[in-house]
Amino acid sequence: MTGAKLIVGNWKMNGLMADSRERTEKLTAAVAKSTSGSFHMVLCPPATMINAVSWFLKESAIRWGGQDCHDQPPGAFTGDIAPEMLKDLGCDFVILGHSERRQHHKETSALVASKAKRAHATGLVTIICVGELDAERSAGKHESVVAQQLKESIPDTATSDNTVIAYEPVWAIGTGKTASGDDIKQMHAFIRGKVGKMQILYGGSVKGSNAREILHTANVDGVLVGGASLKVDEFMAIAEAS
Ligand code: PEP
């Protein structure tokens, strides 16, 4: 695939008012000054910060999204967030099936598909995360694990306009380890064979120093960035490596 790369920042459970304002103001200024037209940037702050971040980003080219949503319309689900609520705050995107939610909240692929279907109905673009555990890769099961996750997590409402896939090997998230260039190339080609024209992002300890190689690997249409998205210089270095 060709075209501008999609650079998505996942702030995870980080962000209070003061640091979020400072970070987004610096980032907005840096993106405005950037001469590289080769990326689209999206920020996914925690739910508590989406409203404020939407105001900070209003005049910028940066879009925003949620880190999760419920699979039901607004109603009696204490503590949860319906896709309509994300839309109401100007979100264009929602991350679904992140490995931290699959692991800590026991989210299944079937639930991810159900959430994605509801998110599509409200007009959100879903970023559906898949990826194998360390032990699954060591056992040579990485392709079958990812194939199963893709099959079960992508609903029948998915198109290349409303769905982006993020391949995030679980052992590479927040660990400082990245998959090798050959592993990324092989897995993204494998995923391409399953999802056709959908954009495919890589995620897992992406930083300024490894972004160029990753972003210029075949079938890598962008990156999903956790830790490094909290540091403006590092995140900009990733975007400018597009
Ligand atoms: C992520 O949160 O999706 C992620 C890839 O995190 P990190 O970049 O910190 O590994």
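This report covers the ligand and the two largest pockets of a predicted model.

## Basis

Residues are numbered from 1 along each chain as its sequence is written. In this predicted model, local features need pLDDT of at least 70, side-chain atom pairs count only at pLDDT 80 or more, totals for chains, interfaces and linings use all residues, and side-chain values use heavy atoms, with hydrogens and water left out.

## Around the ligand

The ligand has 14 residues around it (a heavy atom within 4 Å). Lys12, Glu168, Gly174, Ser205 and Gly226 come nearest. By class, this shell holds 4 nonpolar, 8 polar and 2 charged residues. Here Ala, Val, Leu, Ile, Met, Phe, Trp, Tyr, Cys and Pro count as nonpolar, Asp, Glu, Lys and Arg as charged, and the others, Gly among them, as polar.

Oxygen atoms of the ligand lie by polar atoms of the protein. A polar side-chain atom of Asn10 is 3.1 Å from one. For a polar backbone atom of Ser205, the distance is 2.8 Å. A backbone N or O atom of Gly227 also lies 2.8 Å from a ligand oxygen. On its own, the ligand has 290 Å² of accessible area (Shrake-Rupley method, 1.4 Å probe), and the protein covers 96% of this.

## The largest pocket

The largest pocket holds about 530 Å³ of space. It is lined by 23 residues, and Lys12, Gln67, Asp68, Arg101 and His105 are closest to its centre. Its lining divides into 9 nonpolar, 9 polar and 5 charged residues.

Definitions and conventions
A polar contact is a pair of N or O atoms within 3.5 Å; within protein, one must be able to donate a hydrogen and the other to accept it, and residues adjacent in sequence count only if both atoms are side-chain atoms. On a 1 Å grid over the protein atoms alone, a cavity is a set of points where a 1.4 Å probe fits but cannot get out, and a pocket is an open set with protein on both sides within 12 Å along at least five of seven lines; lining residues have an atom within 4 Å of a point. A molecule sits in a cavity or pocket if more than half of its atoms lie within 2 Å of its grid points. Grid points are joined across faces, edges and corners, and a volume is the space filled by probe spheres set on the points.
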